[in-house]
Protein chains: 2
Amino acid sequence: MVDVARAAGVSLATVSAAINGSAPVSAELKARVQAAVAEVGYQVNAVARSLKKGSTGTIGLMITDITNPFFTNVIHSIQDAAHRRGYSVMLCCSDEDPAKERLHLQLLIDRMVDGLIIATAGHTDELHALWRSGRIPIVLIDRLIDGIDADAVIIDNAAATRDAIRHLLGLGHRRIGIITGRREISTSRERYEGYCQAMVEAGLPVDDALIAPAVRFSSQDGYGAAMKLLALPDRPTAIFASNNLSAIGLMRAIKDMGLTCPDDVSVACFDDFDWANVFHPRLTTVAQPTQAIGVQATTMLLERLKDTAGPPRVIRLKAELRVRDSSIVRTL
Amino acid sequence: MVDVARAAGVSLATVSAAINGSAPVSAELKARVQAAVAEVGYQVNAVARSLKKGSTGTIGLMITDITNPFFTNVIHSIQDAAHRRGYSVMLCCSDEDPAKERLHLQLLIDRMVDGLIIATAGHTDELHALWRSGRIPIVLIDRLIDGIDADAVIIDNAAATRDAIRHLLGLGHRRIGIITGRREISTSRERYEGYCQAMVEAGLPVDDALIAPAVRFSSQDGYGAAMKLLALPDRPTAIFASNNLSAIGLMRAIKDMGLTCPDDVSVACFDDFDWANVFHPRLTTVAQPTQAIGVQATTMLLERLKDTAGPPRVIRLKAELRVRDSSIVRTL
DNA sequence: CTGGCTGGTCTAATCGTTTCGTCATCGCGA
DNA sequence: TCGCGATGACGAAACGATTAGACCAGCCAG
């Protein structure tokens with residue numbers, strides 16, 4: 001920039017004003033500066049600018065699993081929305097590990113991100129402290145967390161799961177199993193509650209034997225949980241998987257048990273994805289509005305950046321049940 | 001930091017030295033500084049540090065499609081490797097659009113990333129200029145590009161495709177179709193070449209009617225290309241999809257045509273993914289070593305950061321054919 | 001005793017911007 | 001002609017770290 005100033009024969013202040021339009025500059029000098037910029041091949045140094053301005057134009061995005069299609073769709077949508085408004089995104093992935101999340105959180109803070117969108121892996125004092133300090137706006141996505149009363153964009157997990165279970169009940173299923181997720185995660189708990197609500201509503205007992213927890217989010221754990229259900233003396237005629245990873249495990253388990261879906265056991269699961277609609281059986285899924293989640297979260301965050309005031313807002317979006325071939329009327 | 005200095009009763013230089021270990025500091029002062037850091041709640045300002053040091057400890061990662069499992073696996077591996085070495089990753093997604101890539105490239109440069117790992121969406125003068133300028137190290141992944149003779153980590157696409165086609169030939173297939181990708185992408189061209197090599201090697205003609213281009217990377221285009229092949233008077237008995245997106249389109253097309261895989265048409269495709277092994281038919285795929293790609297690319301880049309000298313190195317990794325149920329012996 | 005080295009500390013310059021306050025110039029109305 | 005508000009340009013002080021270089025005390029070898 002000093003080179004540009006020299007080449008154009010003007011002061012640094014004028015160059016800055018000409019480039020950013022932050023102060024009036026005569027047409028002539030503006031032209032001279034532009035010519036000089038081109039001549040010297042000047043490019044702004046965003047780091048210096050950030051230091052001076054106290055903001056980086058970057059938002060931190062923390063998610064728990066980058067190989068999960070649900071998250072990649074959300075990421076895509078957030079990046080799109082952010083870039084459109086001139087913000088960059090710094091993505092970190094905690095791998096469902098609170099310790100890793102803590103580490104990456106520190107990194108994002110050090111780097112002075114202007115705001116944070118986070119699907120948290122679980123409670124950490126650091127996130128708590130960060131939120132309490134109010135230093136930067138935070139928007140929670142996918143999961144709420146106790147003690148952090150921040151802006152959030154989530155979906156109505158209980159209602160969505162209830163819909164799915166009702167659908168299975170409507171097909172005549174009575175013994176319906178569920179593979180639940182990590183208990184610490186609000187999302188998992190809500191989905192479990194939705195399941196219970198639907199069962200109770202139908203006058204059915206909530207049988208502990210039909211609840212199979214997959215303690216971590218992984219297809220292995222989903223497989224284990226599914227095997228447990230399928231090995232039951234009177235095995236469920238339908239199984240609901242609380243997320244797409246456990247759905248993989250479930251489908252593999254069904255195959256390994258020598259059963260077929262949907263003839264032997266109907267299946268529905270959370271999270272839609274491209275492949276769900278392609279293979280046999282085409283999966284009945286609960287599709288989350290990933291696009292909307294990303295857009296809303298980004299919009300919310302950027303609004304907070306402008307105006308910190310006001311109580312936290314929680315947006316609850318609705319998910320949509322997509323009935324396909326993996327769930328059928330219970331025969332016999 | 002000035003607060004820390006005050007609290008500890010030492011100079012700024014000493015605080016910096018104590019924190020970074022960049023100069024010897026007596027045990028006593030070190031302790032005082034540490035206490036002061038804790039007391040004040042000091043956190044480094046990475047932006048200021050970057051400005052002074054001239055490096056940000058961040059590498060730019062540009063990919064073309066974040067919803068593609070191949071890329072998410074690579075991203076995951078790169079982030080892991082980078083974080084392990086104290087680097088952050090700034091991820092940008094071009095959506096296969098060179099114009100977007102150009103934009104994001106500028107962004108990464110402005111932000112002073114120390115290096116760049118890129119799966120390019122196609123030729124842009126900017127990337128070319130950046131590479132020629134030699135200002136920051138660049139590692140190409142997945143795709144080479146004319147005119148940029150940089151470090152690269154790719155796989156042996158021709159060999160991998162040849163293996164897959166040989167496998168189909170070995171099953172007795174003679175009319176084998178292929179859905180090819182964007183011609184501008186080296187990866188697509190190499191896979192096509194591998195197909196040709198295998199056909200010629202088997203003494204078969206390369207029939208233009210069996211080559212169905214999907215001009216963009218999308219399942220829609222894959223679907224269109226597949227429909228064209230399946231509508232042929234003497235349709236192919238096996239089809240190879242050049243990437244996982246076109247594989248989705250292909251599977252959907254088969255279903256929509258009222259055909260079944262593998263009975264009516266055998267299928268193999270590039271890129272393995274979790275779901276490929278779960279549904280019916282379990283897909284025969286060419287699995288890329290995504291983990292290794294990420295690690296190698298990161299290692300290569302960080303080595304270059306230390307030492308710019310030496311000619312560009314191109315690492316070519318091997319992909320592995322995973323034979324499953326979607327490809328079977330041709331009956332009749 | 002002296003000169004040089006080393007370990008420990010400090011002061012001040014620097015990185016590349018933005019921006020505040022100052023100042024000259026000009027046009028215009030009184 | 002004079003005074004005044006705009007307008008346009010500039011100088012210099014930040015932003016928050018790193019680090020070169022100055023300085024000093026203590027120690028050891030010559």
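## Salt bridges between the chains

A salt bridge here is a side-chain nitrogen of Lys or Arg within 4 Å of a carboxyl oxygen of Asp or Glu. In this predicted model, local features need pLDDT of at least 70 and side-chain atom pairs count only at pLDDT 80 or more, while totals for chains, interfaces and linings use all residues. Residues are numbered from 1 along each chain as its sequence is written, and side-chain values use heavy atoms, without hydrogens and water.

Two salt bridges turn up across the interface of chain A and chain B. A:Lys100 pairs with B:Asp80 in a salt bridge, with 3.8 Å between the closest N and O atoms.

## The interface as a whole

Contact (heavy atoms within 4.5 Å) joins 50 residues of chain A to 50 residues of chain B. The two chains bury about 4600 Å² between them, 62% of it from carbon and sulfur atoms; buried area is the accessible area (1.4 Å probe) that two parts lose on being put together, summed over both. On chain A's side, A:Val47, A:Trp275 and A:Phe279 supply 16% of the area buried against chain B, more than any other three residues.

## Meeting DNA strand C

Now for the DNA. Among the 23 residues around strand C, those that come nearest are A:Met1, A:Ser16, B:Thr14, B:Ser26 and B:Lys52, where "around" means having a heavy atom within 4 Å. Sugar or phosphate accounts for 68% of the strand C atoms within 4 Å of the protein, and bases for the rest.

A:Arg49 places a polar side-chain atom 2.9 Å from a phosphate oxygen of DNA strand C. From chain B, an N or O atom in the side chain of B:Ser26 lies 2.8 Å from a phosphate oxygen of the strand.

Conventions:
Chains are lettered from A and ligands numbered from 1 in the order in which they are written. A polar contact is a pair of N or O atoms within 3.5 Å; within protein, one must be able to donate a hydrogen and the other to accept it, and residues adjacent in sequence count only if both atoms are side-chain atoms.
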